[in-house]
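This report introduces a molecular structure to a reader who has not met it before. Please keep the sequence and the 3D view at hand while reading.

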Amino acid sequence: MNKLIPRRGFLKAGVSALGLAPLFIRAAGPSSPNSQITIGIIGYGAMGKVNTTNFLNIPEVRVVAVSDVDANEAEAAKAAVDGHYQDTNCHSYAHYQDLLEHPGLDAVCICAPDHWHARLGMDAVMAGLDVYGEKPFAWGLGEGRALVNAVTEHKRVWQTGSMQRSMGEFRRFKALILNQTLGKLTRLECGTPAGMAINPHHTPEQIASSLGHPPAHLDWSTWLGPVKGLPYNASLHPWNWRWHDSFGGGQLMDWVGHHVDTALWTLGLENDGPVKVEATGKRPEEGLFNTYIEYAYSGTYPDGRVIEVRSDFMGVKFTGENGWIHVDRGALKASDREMLRNLPADFEARAPSHNQNFIDCVRSRATPICSAGSSHHSASLGQLAIVALDSGQPVRWDPVTEKVIGNPGQAAHPRLGSRLDF
């Protein structure tokens, strides 16, 4: 729909990580209100498959291109798209930079592992594209801030896949809280999973025999991104990368963009940062996977409110002077069921899906329900919890400058820096 000025040299030179201005200008939105939104998919793992299906099922969207460093996944993605449209027109790219140059592209959906989120997002927005990006917003807080700044500077529409903001039970929970159902709030709790949901997609013998020898269909060097030189290990790809601290953040970071995000969104704190984060937790004692398997952390916000997060239950539970309300996927409960009727008169029982909300905003240029800035702040509470866990000390934090106060060791933590320049 939009004529694209070639930019392969610009992207592949890596200057996108340095905050330089793009060498081209793209129109802000589709060329016609009645035209389809064209979208490319980057990463066809678990959430890549889910989001591709969701976008395929939106009539005003056309998925035109896919990319994955795993050729098998790229082939599967193209087959899925071609099968849906009953043609062979979907373009498959081994390198995401080439997908960003696809003629007429309006937007991309980024479903790569966490350690690629910020770099892919930076390059996409600097290519003049709107982005639906999976949570968490970024692997690290420093690179997350750089990405927020890029989205703002280049005036792009960004939706993070914290889809609970668009799900009925969580929208009801927020409406009940804002309607003063509980009265004065006295405790704010979030529960996210413990342990690791390891997918045993290879046998120990297969892992041992292939160590250091990636299969021909996988571009391992590119998959590693900023994590240079790690020998191929079949345990990591697909899925299980999230249990290795260099690539993901375990259940803590997988779910900070869900239940913790729901709590912050409900309280109107999704665009604020904490002033103090305290944490305790436990990592595995041995093995390749090293993310926290048990944890409890809390974030104190500038107005004194404290968000508690633990790995011993699931959902969001707020307690107030009138009782409590607990929400989880598929469940909304209260100390008194009558409280669940206290919805405001203007509550909309049905709302657009998370993917549809993104597409609506691509067309209107409005801010989606889960913007770059709000999802950065949600992710930052988990990132700061990891800093507190690793250091064994509370983090004193300036939410305006996004800097650690009075602890140079914590300030040097990798999660607070940037791994964009690779």
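The sections below describe a predicted model, beginning with its sheet and moving on to its helices.

## The sheet

Six strands make up an open sheet, and their pairing is parallel. Read across the sheet, the strand order is β3-β2-β1-β4-β5-β6. At the edges stand β3 (91–93) and β6 (158–160), each of which pairs on one side only. From one strand to the next, the twist averages 20 degrees.

Within this order, strand β1 (residues 37–42) and strand β4 (residues 107–110) run parallel and are joined by four bridges. Across this pairing, Ile41 stands opposite Cys109 in β4.

## Helices on the sheet

Which strands does helix α2 lie across? Helix α2 (residues 46–56) lies across β1, β2 (61–67), β4 and β5 (130–133). With respect to β2, helix α2 runs at about 150 degrees.

Helix α3 (residues 71–85) also packs on the sheet, where it touches β2 and β3. The direction of α3 makes about 160 degrees with that of β2.

## Helices α5 and α6

Helix α5 (residues 117–126) and helix α6 (residues 141–153) have axes that come within 9 Å and cross at roughly 15 degrees. Because angles under 35 degrees count as roughly parallel, α5 is roughly parallel to α6. Their crossing is left-handed.

On the α5 side, the contact is made by His117, Ala118, Gly121, Met122 and Val125. Helix α6 contributes Glu143, Ala146, Leu147, Ala150 and Val151. The residues of this contact between α5 and α6 comprise seven nonpolar, two polar and one charged.

## Helices α10 and α12

A further helix pair consists of α10 (residues 250–267) and α12 (residues 372–391), whose axes come within 8 Å and cross at roughly 125 degrees. Why are these two helices described as oblique to each other? An angle of roughly 125 degrees lies outside the ranges for roughly parallel (under 35), roughly perpendicular (65 to 115) and roughly antiparallel (over 145); α10 and α12 are therefore oblique to each other. The crossing of α10 and α12 is right-handed.

From α10, the contact involves Leu252, Met253, Val256, Val260, Asp261 and Leu264. From α12, the residues are His377, Ser378, Ala379, Leu381, Gly382, Gln383, Ile386 and Leu389. The contact of α10 with α12 is made up of nine nonpolar residues, four polar and one charged.

Notes
Residues numbered from 1 in each chain as written. Predicted model: local features only at pLDDT ≥ 70, side-chain atom pairs only at ≥ 80, totals over all residues. Heavy atoms only, no water. Pairing = 2+ DSSP bridges. Axes fitted to C-alpha atoms, helices over the stretch in contact; angles between N-to-C directions. Contact = heavy atoms within 4.5 Å. Left-handed = near helix turned anticlockwise from the far one by under 90°. Nonpolar A, V, L, I, M, F, W, Y, C, P; charged D, E, K, R; others polar.
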